[in-house]
Amino acid sequence: MKIGARNRLEGDVVEIKRGTVMCQVKVRVAGNAMMESVMTLDSLDDVGIKVGDKVRVAVKAVNVLLIKD
């Protein structure tokens, strides 16, 4: 599958928090960093993502903010 997002990381699903309609999926990527994705439960079930699965994270952001304290 081709996608337009250029920022791609690989990681492991470490946690899935399910709500009534949506879920939050936490992924551990390189350097032990964590990334999260929010999706519908239907999408989660269609893709078949489970804790322990290896996944690719594609990041496409309109805004990238840098903050220095």
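Begin with the whole chain and its contact map: among contacts in the protein chain with a separation of 6 or more, 41% are between residues 24 or more positions apart. The model on screen is a predicted one, and two of the stops below are salt bridges that link distant parts of the chain.

Next, colour the chain by secondary structure, which shows one helix and four strands, arranged from the N terminus as β-β-β-α-β. Switching to a surface representation, you are looking at about 5900 Å² of exposed area, of which carbon and sulfur atoms supply 53%. Of the 69 residues in the chain, 20% count as buried.

**Salt bridges**

A search of the whole structure gives four salt bridges, and the tour visits some of them in turn.

Select Lys-54 and Asp-12, whose side chains meet in a salt bridge with an N to O distance of 2.9 Å. This pair joins strand E4, residues 54-59, where Lys-54 lies, to strand E1, residues 7-18, which holds Asp-12, and the two partners are 42 residues apart. Lys-54 is exposed, at a relative accessible area of 70%, whereas Asp-12 has 28% and counts as partly exposed.

Stay with strand E1 and move to Arg-18, which forms a salt bridge with Asp-45, the closest N and O atoms lying 3.2 Å apart. Here the link runs from strand E1 to helix H1, residues 41-47, where Asp-45 is found, and it spans 27 residues. Arg-18 counts as exposed at 52% relative accessibility; since the cut-off for exposed is over 50%, Asp-45, with a relative accessible area of 48%, is partly exposed.

Now select Lys-50 and Asp-53, the side chains of which meet in a further salt bridge, with 3.7 Å from N to O. Asp-53 counts as partly exposed at 21% relative accessibility, and because buried means under 20%, this residue does not count as buried.

**A nonpolar patch**

For the last stop, return to the surface representation and select Val-21, Met-22 and Val-38, which form a nonpolar surface patch with about 280 Å² of accessible area together. Which strand holds Val-38? Val-38 lies in strand E3, which covers residues 34-40. Is Val-38 buried or exposed? Its relative accessible area is 59%, so Val-38 is exposed, and the residue can join such a patch because patch members need over 30% relative accessible area.

Methods. Residues numbered from 1 in each chain as written. Predicted model: local features only at pLDDT ≥ 70, side-chain atom pairs only at ≥ 80, totals over all residues. Heavy atoms only, no water. Patch = residues over 30% accessible without salt bridge, like charges linked within 9 Å, V, L, I, M, F, W, Y side chains within 5 Å. Areas by Shrake-Rupley, 256 points an atom, 1.4 Å probe, with all protein chains shown as cover. Buried < 20%, exposed > 50% of the residue type's maximum accessible area, 1.4 Å probe, protein only. Contact = heavy atoms within 4.5 Å.
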